[in-house]
Amino acid sequence: MIKQKWRILAGVVLLVGGGFFLGKNLTQKQGTTDSQGSHGMMGQMMTDESAPLQVSEQKEQKLAIPPLLEPTEEEGNHVTYRITAQKGAYQIKSGKKTQTLGYNGDFLGPVIRLKKGQDVTFITENQLPTETSFHWHGLKLASSADGGPHQVIAPGQTKTVNFTVEQEAATLWFHPHPMGATAAQVYQGLAGLLYIEDDHSKQLRLPDEYGVNDFPLIVQDKSFDQDNQLNYQEDTTGDGIQGDTLLVNGTLNPYLETEERWLRLRVVNGSNARNFDFSLSEGQPFYQIATDGGLLNQGVKLTSLRLSPGERGEILVDTQQFRSGESFRLLANQNTALTIKINGQKATAFDSKETLNEIKHVAQKDLQGLKRQEITLKGMSHMVSINDQKFDPERIDLQAKTGTQEVWEVSNVGGMMGGMAHPFHLHGVQFQIISRNGQPPSENEAGWKDTVLVNPEEQVELLVTFDHPGLFMYHCHILEHEENGMMGQVNVV
Ligand SMILES: [Cu+2]
């Protein structure tokens with residue numbers, strides 16, 4: 001109901017004309033990005049156009065922790081995992097179970113933990129009645145293993161991919177990528193996590209006990225009908241589906257209980273189309289320690305963190321100010337995402353000054369002589385385009401050379417319908433943000449990235465290294481924009 005009302009409201013605002021600024025006053029305030037000063041005012045105005053989230057009346061439930069996937073085979077440095085996309089039914093709300101999709105289970109997927117240097121085989125199987133693919137979001141690998149729209153698997157079929165883990169410790173994820181069905185399949189539950197570990201990250205004194213002081217948090221918004229079912233086709237819009245109900249790891253109104261002083265939360269925006277501003281209920285600061293592709297050089301103190309669809313951020317939260325029996329909340333757009341209950345406290349240490357990584361700062365002189373590519377993001381709804389074109393799987397848009405670096409100038413030019421922020425994702429690489437509108441990125445974006453939110457009227461420069469050959473996708477990670485053609489392909493030879 002709320003959603004319908006919002007749609008009518010949004011329609012009226014559009015009809016009135018020039019409604020994008022007006023609309024801000026009619027929708028819920030979505031938090032601030034004060035800590036990310038480089039996100040311009042325009043961006044904030046535009047990206048506040050979200051459908052409201054409702055407060056769950058359902059009794060709180062223990063946060064589901066995804067299972068760690070066991071390898072089916074392990075020999076020396078080689079591991080094999082089997083991952084199956086399947087239909088399921090999952091108890092999300094009280095009453096009827098929700099018909100869902102999942103990997104190796106009813107809903108969402110397991111966490112696959114890989115080590116740097118490992119030789120990995122994934123046997124992927126499609127037990128769905130429709131085509132799907134397995135895309136490893138953030139993994140650096142050859143395009144033949146990347147699982148993009150050219151690598152769909154027919155129902156009942158399997159596909160085996162092989163690669164060596166070359167990259168450093170990070171929180172990555174995996175999801176389907178078949179043309180025309182990505183958004184619906186992700187919405188119904190196809191999303192899992194891929195952790196990379198390495199010797200360096202293990203030596204750091206960061207919380208790393210899975211499910212004890214180190215938690216994955218897949219944050220998503222979904223809408224349910226009176227029978228507790230998801231109705232993707234009815235609820236989606238040209239600018240993507242925005243559900244009215246927050247879920248974390250598939251749990252509605254979740255809580256976790258802890259005895260730990262420091263909690264490491266690996267936050268994944270797994271929604272189709274909604275930006276989330278994360279904060280803590282007492283306004284207390286937290287430290288961001290990692291971006292999409294690995295640890296930052298040092299923890300960055302924040303009170304709010306914006307993640308757009310596809311982005312990840314690892315944060316450390318200090319519980320020291322709370323006594324046993326007290327609780328506080330992780331908020332997403334000012335709504336409760338997770339209640340954290342304190343149950344005693346261990347005196348673990350985190351030194352916010354500790355050097356976590358050694359990512360080289362990009363200086364202008366490093367860019368001399370590098371090839372530049374202009375990428376223009378434009379439009380909204382069905383009018384979206386990249387470089388004024390819609391995706392054509394038969395057309396190669398850009399060429400790059402293996403082993404070279406390029407500067408990608410990604411501009412969001414809005415277009416005649418006005419503008420909205422687009423999360424730009426490039427497959428098979430981790431890049432660095434050189435600048436936003438000519439200014440260096442904020443400290444918490446000065447790490448490895450594979451997805452970057454580009455606000456209206458903003459130009460973001462990216463330093464990209466192409467290590468692997470093949471045809472790679474780049475696209476808007478508002479999944480419905482991707483489906484509407486906001487995608488291109490670069491051929492790395
Ligand atoms: Cu977009």
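**Entry 1: two loop residues**

I looked up S381 and found it in the loop between strand 23 (371-378) and strand 24 (385-386). I am working with a predicted model, which I note here before going further. The phi angle of S381 is near 50°, a positive value in a residue other than glycine. Is S381 buried or exposed? Its relative accessibility is 18%, and because buried means under 20%, S381 counts as buried.

I then turned to N249, whose phi is likewise near 50°, again a positive value in a residue other than glycine. N249 sits in the loop between strand 12 (245-248) and strand 13 (251-252), and with a relative accessibility of 5% this residue counts as buried.

**Entry 2: strand 15 and its partners**

I next followed strand 15, which covers residues 262-269, and asked how many of its residues are buried. Eight of the eight are, so the strand is largely enclosed by the rest of the structure. I checked the two faces separately: W262, R264, R266 and V268 lie on one side, L263, L265, V267 and N269 lie on the other, and all of them are buried.

Which strands pair with strand 15? Strand 11 (residues 214-222) runs parallel to strand 15 and is joined to it by six bridges, and as one example I noted that F215 has L265 of strand 15 as its bridge partner. Strand 20 (residues 312-318) pairs with strand 15 in the antiparallel sense over seven bridges, and here V268 is matched with R312 of strand 20.

**Entry 3: the nonpolar cores**

I looked for the largest nonpolar core and found that it has 30 residues, with L217, V219, L265, V267, F278 and I315 making the most contacts inside it. Strand 22 (residues 335-342) gives the most to this core, namely four residues. I wrote beside this that in soluble globular proteins nonpolar side chains tend to be buried together.

I listed the contacts of L217, leaving aside neighbours within four places in sequence, and they include L265, R266, V267 and V268, which I had already met as residues of strand 15. N249, from my first entry, is also in contact with L217, as are L63, V248, L330 and L338.

A second, separate core has 29 residues, among them V429, I433, V454 and C476.

**Entry 4: the copper ion**

Which protein atoms are the donors of the copper ion? I found ND1 of H422, SG of C476 and ND1 of H481, lying 2.0 to 2.1 Å from the ion. Along the sequence these donor residues follow the spacing H-x53-C-x4-H. H422 belongs to strand 27 (residues 422-426) and H481 to helix 7 (residues 479-483), so the pair ties together parts that are 59 residues apart in sequence. Both histidines are enclosed: H422 counts as buried at 0% relative accessibility, and H481 is buried with a relative accessible area of 0%. C476, the remaining donor, is the residue I had noted in the second core.

**Entry 5: the whole protein**

I closed with the overall values, and counted seven helices and 32 strands in the protein. Of its 493 residues, 60% count as buried. The accessible surface comes to about 19300 Å², and 49% of that belongs to carbon and sulfur atoms. Finally, I looked at contacts between residues at least 6 apart in sequence, and 76% of these join residues at least 24 apart.

How values were computed. Residues numbered from 1 in each chain as written. Predicted model: local features only at pLDDT ≥ 70, side-chain atom pairs only at ≥ 80, totals over all residues. Heavy atoms only, no water. Donors = N, O, S within 2.8 Å, 3.2 Å for Na, K, Ca; no water. Buried < 20%, exposed > 50% of the residue type's maximum accessible area, 1.4 Å probe, protein only. Pairing = 2+ DSSP bridges. Contact = heavy atoms within 4.5 Å. Areas by Shrake-Rupley, 256 points an atom, 1.4 Å probe, with all protein chains shown as cover. Core = buried A, V, L, I, M, F, W, Y, C linked by side-chain atoms within 4.5 Å.
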